[in-house]
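Here is a short set of exercises to work through at your own pace. Keep the viewer open, try each task, and then compare your steps with the solution.

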Amino acid sequence: RTRDALHQALFALMREKRYDAITVQDIIDRANLGRSTFYAHFVDKEDLASYSLEQILGALVHGPGASAPARPRLIATAALFEHVRDQFSLFQMQMRGRGLDLFFERGQAYWNQKIEQDMQTHLAPGQTPAVPLAVVANFVTGTWVTLLKWWLDNKMPYSPERMDEIFQELVWPGVQVALGRASAA
C-alpha cells in the first residue's frame, strides 16, 4: 500500500508540475508519509518513477480488456497508444521537462526485457535466432518509441488501433526473419 500511495502521489504531482520540479519532499508530503518510509521502498524519485511506469505498463498488458490478439503481437501497442491518448494532458505537461524522456527510456527498457523473454519462449528447443534476441527487442521497442513520439508531435492523427496496425505491419516481418521463421524477400 505504501508503494501505491507514493505512486499515486507522484502521478498527482505530475499533473500539476513538471517531473523535474518534483522533489522527494513533495511526494512524501502528498502521500502523507515520512522520508524514511520513502527510502525504505525506493532509492530516489527515479526509482519510484520506474516502479510506477512498470505498474502502468503491466496493467495495460494484463488488465481488463487485455485479450489474446487475433494475430501475433510484439507489444500491446493499441493499449499503450490509448493510454497515452487518455493521459495526453499529463504527457503534454511532461514534454517540457525530463519526465517524458524518463518515460521513454524506462518504458523501452521494460519492453526490451519483456519482448526478449517472450521471443525466447517462441523459439523451438535448440533454435538459434538469426539475430540476437536482445538486438531484436531493442529494435522493436525503439521503433515503438519513435512512432509514439511521431504520433504525439503530429497531434495524434491516427487512432490508437491504426497506430497499432502500422507498428505491427512495420515490425513483424523483420522479427520473423530475425527469429529465422521467414526469409527476406
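A residue counts as buried when its relative accessible area is under 20%, as exposed when that area is over 50%, and as partly exposed in between. Keep these cut-offs at hand. One more point before you begin: the model is predicted.

**Exercise 1. The overall picture**

Task: Work out how many helices and strands the protein chain has, and what share of its residues is buried.

Solution:
- Step 1. Count the elements: the protein chain has 9 helices and 0 strands. Read from the N terminus, their order is therefore α-α-α-α-α-α-α-α-α.
- Step 2. Apply the cut-off for burial: 42% of the 185 residues count as buried.
- Step 3. Turn to the surface. About 10000 Å² of the protein chain is exposed, and 52% of this comes from carbon and sulfur atoms.
- Step 4. Look at contacts between residues at least 6 apart in sequence: 67% of them join residues at least 24 apart.

**Exercise 2. Two helices, end to end**

Task: Find how far α1 and α8 reach, and list the buried residues of each.

Solution:
- Step 1. Helix α1 covers residues 2-14, which is 13 residues. From first C-alpha to last, α1 reaches 18 Å, close to the 18 Å expected at 1.5 Å a residue.
- Step 2. Repeat this for α8. Its 21 residues should span 30 Å at 1.5 Å a residue, and the end C-alpha atoms are indeed 30 Å apart, so the two values agree.
- Step 3. Pick out the buried positions of α1: Leu 6, His 7, Ala 9, Leu 10, Phe 11, Leu 13 and Met 14.
- Step 4. Do likewise for α8. Its buried residues include Leu 133, Val 136, Ala 137, Val 140, Thr 141, Trp 144, Leu 148 and Leu 152.

**Exercise 3. The cores**

Task: Identify which helix gives the most residues to the largest nonpolar core.

Solution:
- Step 1. Size up the core: the largest one has 31 residues. Those with the most contacts inside it are Ile 75, Met 119, Val 140, Trp 144, Leu 148 and Val 175.
- Step 2. Find the contributors. At least two residues of this core come from each of α5 (77-86), α7 (98-122), α8 (133-153) and α9 (160-178).
- Step 3. Name the main one: α8 gives the most, with 10 residues.
- Step 4. Look elsewhere too, as there is a second, separate core of 19 residues, with Tyr 19, Ala 31, Leu 48 and Ala 49 among them.

**Exercise 4. A loop residue in the core**

Task: Decide whether Ile 75 is buried or exposed, and find which residues it contacts.

Solution:
- Step 1. Locate Ile 75: it sits in the loop between α4 (45-62) and α5.
- Step 2. Compare its area with the cut-off. Ile 75 has a relative accessible area of 2%, so it is buried.
- Step 3. Leave aside neighbours within four places in sequence. Ile 75 is then in contact with Leu 80, Trp 111, Ile 115, Val 140, Thr 141, Trp 144, Asp 164, Phe 167 and Gln 168.
- Step 4. Check one of these partners in space: Trp 111 is 36 residues from Ile 75 in sequence, yet their C-alpha atoms are 7.7 Å apart.

**Exercise 5. A helix pair**

Task: Describe how α5 and α8 cross.

Solution:
- Step 1. Choose the descriptors: packed helices are described by the angle and the distance between their axes.
- Step 2. Read them off. The axes of α5 and α8 come within 12 Å and cross at roughly 35°. This crossing is right-handed.
- Step 3. List the residues that meet: Thr 77, Leu 80, Phe 81, Val 84 and Arg 85 from α5, with Trp 144, Leu 147, Leu 148, Trp 151 and Leu 152 from α8.

**Exercise 6. Positive phi**

Task: Say where Asn 32 and Lys 155 lie, and whether each is buried or exposed.

Solution:
- Step 1. Start with Asn 32, which is not a glycine but has a positive phi of about 60°. Its place is the loop between α2 (24-31) and α3 (35-41).
- Step 2. With a relative accessible area of 68%, Asn 32 is exposed.
- Step 3. Move on to Lys 155, in the loop between α8 and α9. Its phi is also positive, near 60°.
- Step 4. Lys 155 has a relative accessible area of 70%, so it is exposed.

How values were computed. Residues numbered from 1 in each chain as written. Predicted model: local features only at pLDDT ≥ 70, side-chain atom pairs only at ≥ 80, totals over all residues. Heavy atoms only, no water. Helix = DSSP H or I, 4+ residues; strand = E, 2+ residues; numbered from the N terminus. Expected span 1.5 Å × (residues − 1). Buried < 20%, exposed > 50% of the residue type's maximum accessible area, 1.4 Å probe, protein only. Core = buried A, V, L, I, M, F, W, Y, C linked by side-chain atoms within 4.5 Å. Contact = heavy atoms within 4.5 Å. Areas by Shrake-Rupley, 256 points an atom, 1.4 Å probe, with all protein chains shown as cover. Axes fitted to C-alpha atoms, helices over the stretch in contact; angles between N-to-C directions. Left-handed = near helix turned anticlockwise from the far one by under 90°.
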